[in-house]
Amino acid sequence: MTQIPPPNPAADPAPHTPPESDEEVYFEGSPVVRSELFKAFGFCLIGMIILALPILAHIYHWPIFNKWVDLGCVVIALLVIVIPVLKIRSTRYRITNYRVDYEYGILGRQADTIELWHVEDISLHQTLLDRVLNTGTISVVSSDHVIPKLQMQGLHNPRPIFDSLKQRIIAVKRQRGVIKMDV
């Protein structure tokens, strides 16, 4: 007759609740352009001024302007107008029940991840204009060395995202047995 040895709690590699097997996506998307209205307006204004330089040069006969300088001004003006919009649209956030993924870059791409059990604090910030436009910024402070603070700017309808993220952080920390200790 074989005996089954009693369980050894010290040898148990997982003292916390077993993790869920499926990863559920709570939010996936880019910031909305309307969240950066003042910045976009400023860049458009600068672009229009640069675009106006060749026109003024031909009206007032400025000698340094020729067709190549005119073309350069048009290209620079278009870049000044388009790049901020491209920067906003090339940023992607993905919030799941275990992590926050952050991907950004116009020509080159970089992706970073914050595990939710590393998160120490989150906050939601909305200016008056943000509240009118239903946008906002969620700041995530973590113990992660690569991304100690992530600001997810320009999120549409940020309150439900913030609330679900807050609840998920608590649940993940309970699953992993994470205890916060003030030193």
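Guide: A polar contact is a pair of N or O atoms within 3.5 Å; within protein, one must be able to donate a hydrogen and the other to accept it, and residues adjacent in sequence count only if both atoms are side-chain atoms. This is a predicted model, in which local features need pLDDT of at least 70 and side-chain atom pairs count only at pLDDT 80 or more, while totals for chains, interfaces and linings use all residues. Residues are numbered from 1 along each chain as its sequence is written, and side-chain values use heavy atoms, with hydrogens and water left out.

Visitor: Which residue's backbone nitrogen does the side chain of Asp144 reach?

Guide: Asp144 has its place in the loop between S6 and S7, where strands (E, at least two residues) and helices (H or I, at least four) are DSSP runs numbered from the N terminus. At 2.9 Å, the side chain of Asp144 reaches the backbone nitrogen of Ile147.

Visitor: What is the nearest side chain of opposite charge to Asp144?

Guide: Lys and Arg count as positive and Asp and Glu as negative, while His and the chain ends are not counted. Asp144 is buried (under 20% relative accessible area, with exposed over 50% and partly exposed in between, for a 1.4 Å probe and protein chains only). Asp144 has no salt bridge, that is, a side-chain nitrogen of Lys or Arg within 4 Å of a carboxyl oxygen of Asp or Glu. The nearest side chain of opposite charge is 10 Å away and belongs to Arg99.

Visitor: How many residues apart in sequence are the parts that Glu115 and Arg99 tie together?

Guide: Glu115 forms a salt bridge with Arg99, with 3.4 Å between the closest N and O atoms. Because Glu115 lies in strand S4 (residues 110-115) and Arg99 in strand S3 (residues 99-104), the separation in sequence of the parts they tie together is 16 residues.

Visitor: In what order do the three strands of the open sheet stand?

Guide: Two strands pair if DSSP finds at least two bridges between them, and the pairing in this sheet is antiparallel. Strand S5 (119-125) and strand S7 (149-156) are the edge strands, each pairing on one side only. The order is therefore S5-S6-S7.

Visitor: What angle does the direction of helix H4 make with that of S5?

Guide: Axes are lines fitted to C-alpha atoms, for helices over the stretch in contact, and angles run from 0 to 180 degrees between N-to-C directions. From one strand to the next, the twist averages 15°. Helix H4 (residues 158-176) packs on the sheet and touches S5, S6 and S7, contact meaning heavy atoms within 4.5 Å. The direction of H4 makes with that of S5 an angle of about 170°.
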